[in-house]
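Colleague: Could you walk me through reading surface features, one at a time? I'm new to this one.

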Amino acid sequence: FSLYPLRQASLSAAIMPAIEKLGEYSLEIFPGAMSTIVSGEADEIWKGLQTAFQTAAKISEVVMVLTVSNACHGID
């Protein structure tokens, strides 16, 4: 997924707390420069992504873009 804070001087102010919230779930998290890969059970992924979006949305207006697959199981 990718988060795009709108009209913000510092993008990380909304992105980092959202990624940190994912750590509260049983997920594998692979942050990158332009997106973050999340791997785990589907229910945990959806709960985590919802919380991540809500966290970022409290800080800034944001756009979240997702690519969802059941064929990719993390990073080797």
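Colleague: Is Y4 buried, partly exposed or exposed, and why?

Modeller: Bear in mind that this is a predicted model. The general idea is that buried means under 20% relative accessible area and exposed means over 50%, with partly exposed in between. Y4 has 38% relative accessibility, so it counts as partly exposed. You'll find Y4 in strand β1, residues 2-5.

Colleague: Which residues make a nonpolar surface patch with Y4?

Modeller: Nonpolar side chains can be joined into a patch when they have over 30% relative accessible area and no salt bridge. Here L6, V63 and V65 join Y4, and the patch covers about 290 Å².

Colleague: How many salt bridges are there?

Modeller: To call one, look for a side-chain nitrogen of Lys or Arg within 4 Å of a carboxyl oxygen of Asp or Glu. That rule gives two here. In one of them, R7 meets E61 at 2.3 Å, N to O.

Colleague: Where in the chain do E61 and R7 sit?

Modeller: In distant parts, 54 residues apart. E61 is in the loop between α2 (42-59) and β4 (62-65), while R7 is in the loop between β1 and α1 (12-22). E61 is partly exposed at 47% relative accessible area, whereas R7 reaches 68% and so is exposed.

Colleague: What about K21 and E24?

Modeller: Their side chains also form a salt bridge, at 3.2 Å from N to O. K21 has a relative accessible area of 28%, so read it as partly exposed. E24 comes out at 55%, which means exposed.

Key. Residues are numbered from 1 along each chain as its sequence is written. This is a predicted model: local features need pLDDT of at least 70, side-chain atom pairs count only at pLDDT 80 or more; totals for chains, interfaces and linings use all residues. Side-chain values use heavy atoms; hydrogens and water are left out. Patches are made of residues with over 30% relative accessible area and no salt bridge: like charges are joined within 9 Å, nonpolar side chains (Val, Leu, Ile, Met, Phe, Trp, Tyr) within 5 Å. Accessible areas come from the Shrake-Rupley method with a 1.4 Å probe; for residues, only the protein chains shown count as cover. Helices (H or I, at least four residues) and strands (E, at least two) are DSSP runs, numbered from the N terminus. Buried means under 20% relative accessible area, exposed over 50%, partly exposed in between (1.4 Å probe, protein chains only).
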